[in-house]
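Here are some short exercises to work through with the model open beside you. Try each task before you read its solution.

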Amino acid sequence: MSLSLLIGTRKGAWRLRSGDRRAWTVEGPWFLGNTVHHVVPDPRAPGTLLLAARTGHLGPTVFRSRDDGASWTEASAPPAFPKGDARERAVHHTFWLTPGHASESGTWYAGTSPQALFRSEDGGDSWRSVTGWNDHPMNDQWCTGDGTPDGAKMHSILVDPRDAAHLYLSMSGGGTFESLDRGATWAPLNKGVVVDFAPVKYPEFGQDPHCVVQAPSDPDRLYQQNHCGIYRIDRPGDTWQRIGDNMPKDIGDIGFGVLVHPRDADTAWVWPMDGTDVWPRVSPDGRPAAWRTTDGGGSWERQDAGLPARGWFSVKRQCVANDTRDPVGLYVGTSSGTVFASADDGTTWATIAEHLPHIYCVEVVE
């Protein structure tokens, strides 16, 4: 059965196809020259793709394809603050796209920079502000992160597969938040997460999560890769545990992306980067590797067979993805325009594409 990867970059989007996860063909580009922050398949409608781009002439917008990328239509009303917004906010770019619950065929969520939440109920054609978040009395205090490179981000919008009304979102910076009523009300979920760079080390909000994911086999298990470490929480618990303390000290636990095995909530992968004082945002010591835990973060093992012995690049939060096959396939896009793949749970790696522009996202279509 064929598999494809959707690759968003600073200069357009590409697709990689394979029938055996060994040999790959490269197709594209779409929207050459434009910044593609996220391109995502709709699991409820095979052949439907949504793409978030910041274009030279249209500005920040969203495109939809219903024919597997053969043609694209711009959203009639992309994510945007209403005219007369009291805080004079304007969307710089849509950063994150998430399909809604399986029971809500036309619903999508979008996270933007500056940090705001939008929802579409017509398959991504028109978008409306989620006022329960964007107009919340605490919104201007929750939404921090002015120092984030390329602008503050809303990301990691999660929809509980058991309950369409149960949502999570995270912000760089600002923290992680939870809603139990489809976004009408929100509460911080940051207990136990340190903020090394702030006077108050464990505030109620203001943390800098880089990526938060749910375990597909156990949606009560969440993993977080944070500016200040790797964490895990098991709901209904309210306190995150810093499982990154179990990483080797010379590697540290700073990075952007995190993946969870589709059938084993205790198995997860991270891709560390140099988190020293100057934050060079490259592989630690220029030696790239994935790190895997099979015991919920109690211990970690290095996986670098087939990767370059030396490599000075970073891996952004949307640039790690996996398929659901056995063994699991892993896919990583880098700031140097290379895509690495593993068809055996990360044990061995191969280069499947290179010389692309700076990669912003990787998504799997099965």
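**Exercise 1. Strand partners**

Which residue in β15 stands opposite glutamate 178?

Before solving this, note that the model is predicted: local features need pLDDT of at least 70, side-chain atom pairs count only at pLDDT 80 or more, and totals for chains, interfaces and linings use all residues. Numbering runs from 1 along each chain as its sequence is written, and side-chain values use heavy atoms, with hydrogens and water left out.

Step 1: Find the strands, which are DSSP E runs of at least two residues, while helices are H or I runs of at least four, all numbered from the N terminus.
Step 2: β14 and β15 (residues 187–188) run antiparallel and are joined by 2 bridges; strands pair if DSSP finds at least two bridges between them.
Step 3: Across from glutamate 178 you find alanine 187 of β15.
Step 4: On the β13 side, 5 bridges make an antiparallel link to β14, with serine 170 opposite threonine 176.

**Exercise 2. Faces of a strand**

Which residues of β14 point one way, and which the other?

Step 1: In a regular strand, side chains alternate between the two faces of the sheet.
Step 2: Gly175, Phe177 and Ser179 point one way, Thr176 and Glu178 the other.
Step 3: Check the burial: 5 of the 5 residues in β14 are buried (under 20% relative accessible area; exposed is over 50%, partly exposed in between, with a 1.4 Å probe and protein chains only).

**Exercise 3. Backbone surprises**

Where are the cis peptide bonds?

Step 1: Most residues other than glycine have a negative phi, and most peptide bonds are trans.
Step 2: Serine 172 to glycine 173 is cis, with omega near -10°; glycine 173 sits in the loop between β13 (167–172) and β14 (175–179).
Step 3: Aspartate 326 and proline 327 are also joined by a cis bond, omega about 0°.
Step 4: For positive phi, look at arginine 281, at about 60°, and aspartate 345, near 65°.
Step 5: Arginine 281 counts as partly exposed because its relative accessibility is 30%.

**Exercise 4. The core**

How many residues does the largest nonpolar core have?

Step 1: Take buried Ala, Val, Leu, Ile, Met, Phe, Trp, Tyr and Cys residues joined through side-chain atoms within 4.5 Å.
Step 2: The largest such set has 30 residues, and Leu5, Trp271 and Val339 are among those with the most contacts inside it.
Step 3: Apart from this core lies another of 17 residues, including Met154 and Leu169.
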